[in-house]
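Me: I'm about to open a structure I've never seen before. Can you walk me through it?

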Amino acid sequence: MVNLDENFWTSRYREGNIGWDLGSPSPPLYQYLCQIENKDLSILIPGGGNAYEVAAAYDLGLRNVHLLDISSVPIDGFLKDHPFFPKSQVHHENFFLHDGAYDLILEQTFFCALDPELRKKYAAKMFDLLKPGGKLVGVLFDREFAGGPPFGGSREEYIGYFKDFFEFEKFEACTNSVGPRDGSELFMILRKSNS
């Protein structure tokens, strides 16, 4: 197993080996952001990379949006391109060491970039970072990959990780994926469980 640490991801960015990067916001997440009426929500986008969704959320008036990434390369690029974005809302750190309390966390190619052995820990950390009633929203791959990252999986597998922490508002085939991912993504809206 490759050590998926800061050095690994920084090397990928520096080499331009970023096949997950769409060059624009993911359509499922952008459409979800467009429907948010409460502009005061606190939002975290972990593993945000070049942060297209962060920029889109901010432009939509969701000013309390936070970017987190383990590599400084995409963060530095984002801040250069968006000099007015609040630096206090940019976090260069390991997701599992992050402290915060959010109304919404958006998932976009972060889960699939983690060692699959961390998936239960991911679910627990998401639970801890969300405020009561908070939501984890995003897309997961509904397919397998040779090697990785990305690491794939199935709906049934993912339910096993999340069922102890979340209520499932939506967990179904994504109908508005970007072309290359069409038919291979699940869209989820998970609400932090009260129990």
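**A first look around**

Reply: Sure, let's begin in a loop: Ala51 is found in the one between S1 and H3. Keep in mind that this is a predicted model.

Me: What is phi of Ala51 near?

Reply: Phi of Ala51 is near 65°, a positive value in a residue other than glycine.

Me: And is Ala51 buried or exposed?

Reply: Ala51 has a relative accessible area of 2%, so it is buried.

Me: Which residue that is not a glycine has a positive phi of about 55°?

Reply: That's Thr109. Thr109 sits in the loop between S4 and H5, and with a relative accessible area of 14% it is buried.

Me: OK, on to the sheet. How many strands form it, and in what order?

Reply: There are 7 strands in an open sheet, ordered S3-S2-S1-S4-S5-S7-S6, and the pairing is mixed.

Me: Which strands stand at the edges?

Reply: Strand S3 (90-92) and strand S6 (166-173) do. Each has a single partner strand, so one side of each is left without a neighbour in the sheet. From one strand to the next, the twist averages 15°.

Me: In what sense do S1 and S4 pair?

Reply: Strand S1 (residues 43-46) and strand S4 (residues 102-108) pair in the parallel sense, over 2 bridges. Ile43 stands opposite Leu104 in S4.

Me: Where do the helices come in? What does H2 lie across?

Reply: H2 lies across S4, strand S5 (130-141) and strand S7 (185-192), and it runs at about 155° to S4. Helix H5 (residues 119-129) lies across S1, S4, S5, S6 and S7, at about 140° to S5.

Me: How many residues does the largest nonpolar core have?

Reply: It has 27 residues, and those with the most contacts inside it are Tyr32, Ile43, Val54, Val65, Phe78 and Leu106. Several elements give two or more residues to this core, among them H2, S1 and helix H4 (72-81).

Me: Which element gives the most to this core?

Reply: H3 does, with 4 residues.

Me: What is Val65 in contact with, leaving aside its neighbours within four places in sequence?

Reply: Val65 is in contact with Ile43, Ile45, Val54, Ala57, Tyr58, Phe85 and Gln89. There's also a second, separate core of 26 residues, which includes Leu44, Phe96, Phe110 and Leu186.

Me: Switching to rings now. How many aromatic pairs does the structure hold?

Reply: It holds 19 aromatic pairs. One of them is Phe8 with Trp9: the ring centres are 4.8 Å apart and the planes at 90°, so the pair is edge-to-face.

Me: Which other ring does Trp9 form an aromatic pair with?

Reply: Trp9 forms an edge-to-face pair with Trp20, 5.5 Å centre to centre and 85° between the planes. That pair links distant parts of the chain, with Trp9 in helix H1 (residues 6-15) and Trp20 in the loop between H1 and helix H2 (27-34), 11 residues apart. Trp9 counts as buried at 11% relative accessibility, while Trp20 counts as partly exposed at 21%.

Me: Which charged end sits over the ring of Tyr58?

Reply: Arg63's, 4.3 Å from the ring centre. The charged end of Lys192 sits over the ring of Phe127, 4.4 Å from its centre.

Me: Last one: is the peptide bond from Gly148 to Pro149 cis or trans?

Reply: That peptide bond is cis, with omega near 0°. A cis peptide bond also joins Pro149 and Pro150, where omega is about 0°. Pro149 lies in the loop between S5 and helix H6 (155-162), and Pro150 lies in the loop between S5 and H6 as well.

Methods. Residues numbered from 1 in each chain as written. Predicted model: local features only at pLDDT ≥ 70, side-chain atom pairs only at ≥ 80, totals over all residues. Heavy atoms only, no water. Phe/Tyr/Trp six-rings, centres within 6.5 Å; stacked < 30°, edge-to-face > 60°. Buried < 20%, exposed > 50% of the residue type's maximum accessible area, 1.4 Å probe, protein only. Lys NZ or Arg CZ within 6 Å of the ring centre and 35° of its normal. Pairing = 2+ DSSP bridges. Axes fitted to C-alpha atoms, helices over the stretch in contact; angles between N-to-C directions. Contact = heavy atoms within 4.5 Å. Core = buried A, V, L, I, M, F, W, Y, C linked by side-chain atoms within 4.5 Å.
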